[in-house]
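User: Hello! I am new to this structure and would like a close look at a single part of it. Could you pick one helix and walk me through its surroundings?

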Amino acid sequence: MSQLLLLLPDFLLIATGYLLCRHTALDRSIWDGVEKLVYYLLFPVLLFTSIVRQPLEPGALAGFAGAGVAVVATGIVLAFALRHGPGVDPLTHASGAQTAFRFNSYVGLALAERLAGMDGVAWQALLLAVCVPLCNVAAVWPLARQSGQPFGSELLRNPLIVATVAGLLANLAGLRLPEFAAIPLQRIGAAALPLGLMAVGAGLQMGALRQAPVLATAFLAIRHAVLPAVGIALALGLGLPAGQQLVLVAFSALPTASSAYVLATRMGGHGAFVAGVVSLSTLLAMPGLPLALAALSALR
């Protein structure tokens with residue numbers, strides 16, 4: 001019950017976005033702009049400031065960071081393997097594969113502090129630093145191949161990759177933002193969490209899942225069954241400290257990234273299908289995240 005209450009504020013924001021979009025004058029046209037604002041400005045600033053703010057100490061946290069990479073890599077390998085299944089449409093697969101291994105960093109950052117305080121924020125920032133570039137490279141590559149767009153230029157234009165790499169380099173170089181710059185950037189980044197979560201709710205839609213239900217089910221099974229199991233196994237098998245175990249397992253059970261829809265649409269993919277998978281992933285994570293954390297506690 002306590003784990004469910006930890007997640008309740010974030011899912012209430014998602015529900016708020018859903019209700020605002022469908023029952024007020026703040027309709028879909030408004031939220032399209034909000035999604036772009038979060039994707040291109042607010043969230044990159046949040047990634048950058050989160051990574052720069054906390055010393056990462058990658059050597060001391062190599063096992064923890066490696067476990068996060070292993071979780072993501074498992075999702076990438078399994079998602080790409082589905083491409084060879086019978087009757088799989090290449091464009092639909094290229095659009096939706098990212099939903100099996102990408103993660104909703106809005107929920108992850110909001111949850112990490114409640115699970116493990118400021119240490120949890122630092123650990124989550126490390127996972128973002130090592131996993132966001134990997135996830136985005138793996139997301140862009142099949143879409144670029146299907147749409148014929150240049151892979152390299154797409155990576156260089158991806159705001160999440162640019163912000164994460166910049167934050168990681170600044171952190172490792174020991175750079176710290178002066179207060180006059182840090183405060184406004186932190187305030188800009190802080191707006192990403194509530195707006196990002198409400199935008200997830202505003203974008204909830206299921207209709208296009210009917211076009212490839214088996215493929216959608218496979219992506220969601222990887223995201224919400226396989227990856228949490230891998231996260232629990234790694235947390236226990238590596239003997240990570242209790243706080244790191246909580247953050248790693250929560251990371252492995254996060255809903256998929258809401259920005260997957262923005263990426264698929266911008267690169268000529270099947271945006272409606274991705275929106276459906278993102279929507280169902282968000283709903284599955286509501287019981288799935290507390291269950292994963294409860295399973296970890298029971299197995300300790």
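Analyst: Here is a short look at the whole chain, followed by a closer one at helix H2 and then a brief visit to helix H11.

Please keep in mind that this is a predicted model. The chain holds 13 helices and zero strands, so its radius of gyration is a handy guide to how those helices are gathered: at 18 Å, this radius is close to the 19 Å that the globule rule gives for 300 residues, so the chain is as compact as a globular protein of that length. Along the principal axes, the C-alpha atoms occupy a box of roughly 45 × 45 × 40 Å. Of the 300 residues, 52% are buried. If you take the contacts between residues at least 6 apart in sequence, 85% of them link residues at least 24 apart.

Now to H2, which covers residues 28-53. One of its partners is helix H5, residues 105-147. The axes of the two helices lie 9 Å apart, at an angle of about 100 degrees. Angles of 65 to 115 degrees count as roughly perpendicular, so that is how H2 sits relative to H5. On the H2 side, the contact is formed by Val38, Phe43, Leu46, Leu47, Ser50 and Ile51. Facing them from H5 are Ser105, Tyr106, Leu109, Ala125, Leu128 and Ala129. Sorted by class, this contact has ten nonpolar residues, two polar ones and no charged ones.

H2 also meets helix H12, residues 259-266. Here the axes come within 10 Å and cross at roughly 95 degrees, which means that H2 is roughly perpendicular to H12 as well. From H2, the residues involved are Glu35, Tyr39 and Tyr40. H12 brings Ser259, Tyr261, Val262, Leu263 and Arg266 to the contact. By class, the contact of H2 with H12 has five nonpolar, one polar and two charged residues.

For a view of the interior, turn to helix H11, residues 242-252. Ten of its eleven residues are buried, so H11 is largely enclosed by the rest of the structure. Among the buried ones are Leu246, Val247, Leu248, Val249 and Phe251, along with Gln244 and Gln245. The buried residues of H11 pack against H5, the partner of H2 described above, and also against helices H3 (62-81), H10 (213-237) and H13 (271-299).

Finally, the outside: the accessible surface of the chain comes to about 12,000 Å², and 70% of that belongs to carbon and sulfur atoms.

Conventions:
Residues are numbered from 1 along each chain as its sequence is written. This is a predicted model: local features need pLDDT of at least 70, side-chain atom pairs count only at pLDDT 80 or more; totals for chains, interfaces and linings use all residues. Side-chain values use heavy atoms; hydrogens and water are left out. Axes are lines fitted to C-alpha atoms, for helices over the stretch in contact, and angles run from 0 to 180 degrees between N-to-C directions. Helices (H or I, at least four residues) and strands (E, at least two) are DSSP runs, numbered from the N terminus. Angles under 35 degrees count as roughly parallel, over 145 as roughly antiparallel, 65 to 115 as roughly perpendicular and the rest as oblique. Contact means heavy atoms within 4.5 Å. Ala, Val, Leu, Ile, Met, Phe, Trp, Tyr, Cys and Pro count as nonpolar, Asp, Glu, Lys and Arg as charged, and the others, Gly among them, as polar. The radius of gyration is taken over C-alpha atoms; the globule rule is 2.2 Å times the number of residues to the power 0.38. Buried means under 20% relative accessible area, exposed over 50%, partly exposed in between (1.4 Å probe, protein chains only). Accessible areas come from the Shrake-Rupley method with a 1.4 Å probe; for residues, only the protein chains shown count as cover.
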